[in-house]
Amino acid sequence: LAVAMEKTGFSLILVLALVTLSTSSQKKCILTGTWQNDLGSNMTISAVNEAGQFYGSYLTTVSAAEKPILVSPLNGSQHIDDMGQPTFGFTVTWSFSDSTTVFVGQCFVDDHGEETLQTMWLLREKVKSAEDNWKATTGLWWSGLPVPACVEE
Ligand SMILES: *[C@@H]1O[C@H](CO)[C@@H](O)[C@H](O)[C@H]1NC(C)=O
Ligand SMILES: *[C@@H]1O[C@H](CO)[C@@H](O)[C@H](O)[C@H]1NC(C)=O
C-alpha cells in the first residue's frame, strides 16, 4: 500500500508539473499590435513574417526637432524561437528630422497574461562634422504596454 501511495503521489506531482509547463507556454508575447509608453508615444507593429521581420510606424509625443512631429516608419526583426518572450530590434527612420533611432528589447508576458515591452533606444542626431560626434547620440529605457484595439461604436 505504501508503495502504491508513493507512486500516486509521484504521478500527481508529474501531472502538476506538466500542467504548469503547458499553462506557462500557452500565452506568448506577440509583438503585433499597438504599444504605448508612459509619455503617450505609440508604435504599431505589423504581422511578423516567418523570418521574424516586421514593419510598422512610430508616433512620438516628444521631439527636439524644429519641424512638427509626423508618423515615422520602422523596420525590424525578432527572434523566432518558440516566440514565447522574443527579443527584437528595429530602426525608426524619422520622417521629420535627419535623425535615426534604434530600439532593442524583449516582449514579456507575466503569469496573468499581461504583456509588456522592455526596450532601450539610441537616438543618433545628425551633426555638422566629426568634431560634434561626442554629442550626437543619446539613449534611454523605453517600456510600453499594449493599447487595446479600438472598439467601433
Ligand atoms: C495613441 O493611441 C491611443 C489609443 O489609440 C490614442 O488615444 C492616442 O491619442 C495616441 N497617441 C497619439 C500621440 O496619437
Ligand atoms: C519597412 O517598413 C515600411 C513601412 O513602414 C514598408 O513599406 C517597407 O516594406 C519595410 N521594408 C522592409 C525591408 O521590410
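1. Start with the shell around ligand 2. Strand β3 gives the most to it, with four residues. β3 covers 53-59, and β4 (72-78) is another strand that supplies at least two residues of this shell. (Strands here are DSSP runs of E with at least two residues, helices are runs of H or I with at least four, and both are numbered from the N terminus.) The residues around ligand 2 are Gln53, Tyr55, Gly56, Ser57, Pro73 and Asn75. A residue gets onto such a list if its C-beta atom, placed from the backbone, lies within 6 Å of the molecule. By type, the shell splits into two nonpolar, four polar and no charged residues. The sorting goes like this: Ala, Val, Leu, Ile, Met, Phe, Trp, Tyr, Cys and Pro are nonpolar, Asp, Glu, Lys and Arg are charged, and the others, Gly among them, are polar.

2. A quick word on what you're looking at. This is a predicted model, where local features need pLDDT of at least 70 and side-chain atom pairs count only at pLDDT 80 or more, while totals for chains, interfaces and linings use all residues. Residues are numbered from 1 along each chain as its sequence is written, and chains are lettered from A and ligands numbered from 1 in the order in which they are written.

3. Ligand 1 has seven residues around it, and the closest are Gly40, Asn42, Leu59, Thr61 and Val147. That shell has three nonpolar, four polar and no charged residues.

4. Now the overall fold. The protein chain has one helix and eight strands, in the order α-β-β-β-β-β-β-β-β along the sequence. The strands make a closed barrel, β1-β2-β3-β4-β5-β6-β7-β8, with antiparallel pairing. Neighbouring strands in this sheet are turned by 30 degrees against each other on average, direction ignored; the axes behind that angle are lines fitted to C-alpha atoms, for helices over the stretch in contact, and angles run from 0 to 180 degrees between N-to-C directions. If pairing is new to you: strands of a sheet pair through backbone hydrogen bonds, either parallel or antiparallel. Two strands count as paired if DSSP finds at least two bridges between them.

5. Where does the barrel start? Take β1 (residues 33-37), which pairs with β2 in the antiparallel sense over four bridges. One of the partnerships is Gly33 with Ile45 in β2. The two strands form a hairpin with four residues between them, and Gly40 in the turn has a positive phi of about 85 degrees. Gly40 also turns up among the closest residues to ligand 1. On another side, β1 joins β8 (residues 137-146) through three antiparallel bridges, with Gln36 opposite Leu145.

6. Further round, five bridges join β4 to β5, again antiparallel. Asn75, which is part of the shell around ligand 2, stands opposite Thr91 in β5. Next, β6 and β7 (residues 115-124) pair over 10 bridges, with Gly105 matched to Thr119 in β7. They form a hairpin with five residues between them, and Gly113 in the turn has a positive phi of about 85 degrees. β7 then pairs with β8 over eight bridges, where Leu117 has Gly144 as its partner.

7. What about the inside? Of the 153 residues of the chain, 16% count as buried. (Buried is 20 or more other C-beta atoms within 10 Å of the residue's own, exposed is 12 or fewer, and partly exposed is in between, with C-beta atoms placed from the backbone.) The largest nonpolar core has 15 residues, of which Leu31, Met43, Leu74 and Cys107 touch the most other members. β2 (42-45), β5 (87-93) and β6 (100-109) each supply at least two of its residues, and β5 gives the most, with three. A nonpolar core is a set of buried Ala, Val, Leu, Ile, Met, Phe, Trp, Tyr and Cys residues joined through C-beta atoms within 7 Å. Leaving aside neighbours within four places in sequence, Leu31 is in contact with Ile45, Val48, Phe54, Gln78, Phe88 and Cys107. (Contact means C-beta atoms, placed from the backbone, within 7 Å.)

8. Two residues to finish. Pro148 sits in the segment after β8 and counts as exposed because 8 other C-beta atoms lie within 10 Å. Pro148 and Thr34 are 114 residues apart in sequence and 7.7 Å apart in space, C-alpha to C-alpha. Val127, in the loop between β7 and β8, is partly exposed, because its count is 14 within 10 Å.

Definitions and conventions
Contact = placed C-beta atoms within 7 Å.
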